[in-house]
Amino acid sequence: MKKRVAILISGGGSNMEALVQDMERDHPAEPVLVLANIPDAGGLAKAKARGIPTACIDHRAFRGDRTAFEAALNQALEAAAPDIICLAGFMRILAPEFIARWQGKMLNIHPSILPLFRGLHTHQRALDAGMAVHGCTVHEVTGELDGGPILGQAVIPVHEGDTADDLAARLLPLEHKLYPVVLRRFAVGNRAKMLLG
Ligand code: GRF
């Protein structure tokens, strides 16, 4: 039986596409839902074009009531009965109660070498810190923001004169490689951390 995967997005969904593309090959998991919190998230159309069920829970409709937003999110997820939830550029912070419901089943990709640079603006912060390397991390989601067990990482060099945009552009193709590799492993119960490369 294939593992059922729900993917949560807020934007273009390029990481979602990389995951889905990989699952189209021989794979221990299958995508059962792509869910966005923004109606015009580009990734929704991409998922539809691939024949994957989509849903949108617009957080703005809940006017700051995070509990109600997450209840709706949860309802949509429960209906899809995922074994694994992949956050892929999902830009809402989730409450501990929501995370507890799915803990052990929820992954996230973060554009830094965690535990460095949790939160936003990771590329600029890596530059500001004078790092010689930068990277991305796939980790399990726990109540601690960007703080759960690390499952996989990939690194790139920081070149003289790099801007935050340069780093983001060089890192994204590695995110697209790392996340599918980690999901494949996770879907068969392998939680050992790995370094891509
Ligand atoms: C990625 O860089 C991801 O690491 C970050 O947001 C970006 C999402 O891009 N959190 P996409 O929506 O997957 O194209």
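Which polar backbone atom lies 2.8 Å from an oxygen atom of the ligand? In this predicted model, local features need pLDDT of at least 70 and side-chain atom pairs count only at pLDDT 80 or more, while totals for chains, interfaces and linings use all residues. Residues are numbered from 1 along each chain as its sequence is written, and side-chain values use heavy atoms, with hydrogens and water left out.

The backbone atom in question belongs to Asn15. Here a polar contact is a pair of N or O atoms within 3.5 Å. A polar backbone atom of Gly13 is 2.9 Å from a ligand oxygen, and Ser14 brings a polar side-chain atom to 2.6 Å from an oxygen of the ligand. The ligand alone exposes 360 Å², of which the protein buries 78% (accessible areas by the Shrake-Rupley method with a 1.4 Å probe).

Besides these three residues, the surroundings of the ligand include Gly12, Gly89, Ile109, Pro111, Leu172 and Glu175, where a residue counts if one of its heavy atoms lies within 4 Å. By class, this shell holds 3 nonpolar, 5 polar and 1 charged residues, with Gly counted as polar. Helix 1 (14-23) and helix 6 (164-187) each contribute at least two shell residues; helices are DSSP runs of H or I with at least four residues, and strands are runs of E with at least two. Domain 1 (1-102) and domain 2 (108-197) each provide at least three, with bounds from an automatic or database domain assignment.

Two backbone features deserve a friendly mention. Most residues other than glycine have a negative phi, and most peptide bonds are trans. Ala81, in the loop between helix 3 (66-80) and strand 4 (84-87), has a positive phi of about 45 degrees. The peptide bond from Leu114 to Pro115 is cis, with omega near 10 degrees, and Pro115 lies in the loop between strand 5 (106-110) and helix 5 (122-128).

How values were computed
Polar contact = N/O pair within 3.5 Å; in protein donor to acceptor, adjacent residues only side chain to side chain.
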